[in-house]
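Q: Please take a close look at how one pair of helices is arranged in the structure shown below. Set that part in the context of the whole chain.

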Amino acid sequence: MEEDPLPNAIADLVWSLGRLEAVFDDLPAIVRRVAEMIPTRLGAFTVLELANVLWGLAHTLPLLRRLDTSHVRSTAIAVAQASLQRHGHIPTHILSCRLWAVVKLDLPIDICEALLRRCAEGLLLEGAARSHVEGMQWCPQGLANVAWSAAKLSLFGSLEGYAMAAVVCAAVAKQARVCLESFKPHELSMMAWACATMHGRKKSGNNARPGGAAALTSAAEEFNVKEPAPFDFASIMIRVAVLARKRLGELSLQSLSNIAWVLATVGVLSHVAAEDL
């Protein structure tokens, strides 16, 4: 690697390593060198380049699990913090990509929830403004990434984060029902798992955590949601079952297992679509 590469070259390299997802002899040295170079020039990275670095590290670090990657995690935290300082209209694929990455990297909860808030704002407060702007619509992959990340955060985050996650997953489900056929099989699985995790029958609605009902009401007011309570998730998950049956050959065993759990969790296993699957 050249001594002083441009930020876009660094971001492209990290993204490519993540895309490759392969272990080779020089990988630890390359990742270590990149992690040393990034913090000194963060201000020169664009918001897209920061997101690409996070995405690449999220795919690469699991390959180095036997090594000490604390210095790389420190760089990832610095990148996420720099990304949070960028404001204005950020394309939805960047919002969802960087949220997924920080959750996958298990970065500090305050960073994860701050990025979840940005996605909640994009989904709920800026939705109307974004709907007719190129690059600002939420695609199936973005919806799936946001829902999965929100549900993951809800399992160990703050009460405020839990409430945001519940509101976000409900918003995702409402948007997803008009474009379910466009979801790839693994995206269907991610979205369905997230919604069932947040709003399945075993969660007892808003009372899943002590203080959850009040926190959810507060989040709904903040994000101007009139109906924070779960709507008819069962009908959406029945459609998921129908689509999964049609595309059974494209589903991984993990995705199929997730969808089966979802159908049980929302209480529709007895429906003919679920039984057929």
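A: The answer below moves from the whole chain to the pair of helices, and then to a residue elsewhere in the chain.

This is a predicted model, in which local features need pLDDT of at least 70 and side-chain atom pairs count only at pLDDT 80 or more, while totals for chains, interfaces and linings use all residues. Residues are numbered from 1 along each chain as its sequence is written, and side-chain values use heavy atoms, leaving out hydrogens and water.

The chain contains 14 helices and 0 strands (DSSP runs numbered from the N terminus: H or I of at least four residues for helices, E of at least two for strands). Its pattern along the sequence is α-α-α-α-α-α-α-α-α-α-α-α-α-α. Of the 277 residues in the chain, 51% are buried (under 20% relative accessible area with a 1.4 Å probe, protein chains only; exposed is over 50%, partly exposed in between).

The pair examined here is helix 3 (residues 47–60) and helix 4 (residues 70–84), whose axes come within 10 Å and cross at roughly 150° (lines fitted to C-alpha atoms over the stretch in contact, with angles from 0 to 180 degrees between N-to-C directions). Helix 3 is therefore roughly antiparallel to helix 4, a term for angles over 145 degrees. The crossing of helix 3 and helix 4 is left-handed, the near helix being turned anticlockwise from the far one by less than a right angle.

Helix 2 (residues 27–37) holds Glu36. Glu36 is partly exposed, its relative accessible area being 47%. Although Glu36 and Ser74 are 38 residues apart along the chain, 10.0 Å separates their C-alpha atoms.

Technical notes:
Angles under 35 degrees count as roughly parallel, over 145 as roughly antiparallel, 65 to 115 as roughly perpendicular and the rest as oblique.
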